[in-house]
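Could you walk me through this structure, step by step? I am new to it and would like a friendly tour.

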Amino acid sequence: MTTSPHTVSDLMTRAAIAVGGQASYKDIVTLMHQWKVSALPVLAGDGRVIGVVSEADLLPKEENRPTGGSVPGDRPFADTSKADALYAEQLMSSPAVTVHADATVAEAARIMARRRVKRLPVVDSGGVLRGIISRGDLLKVFLRSDDDIAGEARTVLSGLPAASGIDVRVSDGVVTLGGALSDRALVPLVARAVRAVEGVVDIRLDLGPATHSDVGA
């Protein structure tokens, strides 16, 4: 059975593209286009992540561009400090939203959702860049085969004595749990344990109460 990846280090891209604080606006745009990324970490000289410059940080320059319909004194559409910026250290959002390599995949997903970012620099305890994790990287857990998921789910359930006889079937990532369970109060515990297996898309329960013969077996 293939072991499920449990930490950011299992999925991150280690060859991270980054810029220094003095990288020019045009160099940043060129790198984003070349590597097809929407954001770049900004590094200090020692490799520490001091910020992130994203497409959103670059757009004010275009948003504030005068047009034929502009009237003198019109209020700018965006922050003029970003519109006038020339270098990464002026454009970047700081402090950077980062994640540690030993964080779980679920933790990284929660950070992305809460902070509304698509990519996270992965840093060590000193804040030095070690890689990049993206939304696409996190979704790789759903590429696991049904056999891998079923095997890990059975291993998880084997640690729960009351659930040792449960049958596990997996189709397209959807896990169906069938058979008898000695205590129906354990259903939420069993479902939660299996749902924690990475790659599980959903769970279907087909669990009945254990009979006397099941209990005595």
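**A walk through the model**

Let us begin at Arg116, which is found in the loop between helix H7 (105-115) and S5. Keep in mind as we go that this is a predicted model. Arg116 has a positive phi of about 55° although it is not a glycine. That deserves a second look, because most residues other than glycine have a negative phi. Is Arg116 buried or exposed? With a relative accessibility of 74%, Arg116 counts as exposed, because the label applies to values over 50%.

Lys36 makes a good companion to Arg116. Its place is the loop between helix H2 (25-35) and strand S2 (39-43). Lys36 is not a glycine, yet its phi is positive, near 55°. Lys36 is exposed as well, with a relative accessible area of 74%.

Now step from Arg116 into strand S5, which covers residues 119-123. Here 4 of the 5 residues are buried, so the strand is largely enclosed by the rest of the structure. Which strands does S5 pair with? One is strand S4 (residues 99-100), joined to S5 in the parallel sense over 2 bridges. In this pairing, Val99 stands opposite Val122 of S5. Another is strand S6 (residues 129-134), which pairs with S5 in the antiparallel sense over 5 bridges. There, Val123 faces Leu129 of S6 as its opposite number. S5 and S6 form a hairpin with 5 residues between them, and Gly127 in the turn has a positive phi of about 85°.

Just ahead of S4 is another backbone feature to find. Pro95 sits in the loop between helix H6 (88-91) and S4. The peptide bond leading from Ser94 to Pro95 is cis, with omega near 0°. As a rule, most peptide bonds are trans.

Next, look inside. The largest nonpolar core has 18 residues, and those with the most contacts inside it are Leu157, Ile166, Val168, Val175 and Leu177. Helix H9 (146-158), strand S7 (167-171), strand S8 (174-181), H10 and S9 each supply at least two residues of this core. Which of these elements gives the largest share? That is H9, with 4 residues. For a closer view, pick Val175: leaving aside residues up to four places away in sequence, Val175 touches Ile149, Val168, Arg169, Val170, Val194, Val200, Asp202, Ile203 and Arg204. There is also a second, separate core of 14 residues, and among its members are Ala108, Met112, Val122 and Ile133. You have already met Val122, the residue in S5 opposite Val99.

Turn now to a sheet. Three strands form an open sheet in the order S1-S2-S3, with mixed pairing. Strand S1 (19-20) and strand S3 (49-54) stand at the edges, each with a single partner strand, so one side of each is left without a neighbour in the sheet. S1 and S2 pair in the parallel sense over 2 bridges, and the bridge partner of Gly20 in S2 is Leu43.

Our last stop is on the surface. Leu139, Phe142 and Val201 together make a nonpolar patch of about 300 Å². Of these, Val201 lies in the loop between helix H10 (187-195) and strand S9 (202-209). That brings us back to H10 and S9, which each supply at least two residues of the 18-residue core.

Technical notes: Residues are numbered from 1 along each chain as its sequence is written. This is a predicted model: local features need pLDDT of at least 70, side-chain atom pairs count only at pLDDT 80 or more; totals for chains, interfaces and linings use all residues. Side-chain values use heavy atoms; hydrogens and water are left out. Patches are made of residues with over 30% relative accessible area and no salt bridge: like charges are joined within 9 Å, nonpolar side chains (Val, Leu, Ile, Met, Phe, Trp, Tyr) within 5 Å. Accessible areas come from the Shrake-Rupley method with a 1.4 Å probe; for residues, only the protein chains shown count as cover. A salt bridge is a side-chain nitrogen of Lys or Arg within 4 Å of a carboxyl oxygen of Asp or Glu. Buried means under 20% relative accessible area, exposed over 50%, partly exposed in between (1.4 Å probe, protein chains only). Two strands pair if DSSP finds at least two bridges between them. A nonpolar core is a set of buried Ala, Val, Leu, Ile, Met, Phe, Trp, Tyr and Cys residues joined through side-chain atoms within 4.5 Å. Contact means heavy atoms within 4.5 Å.
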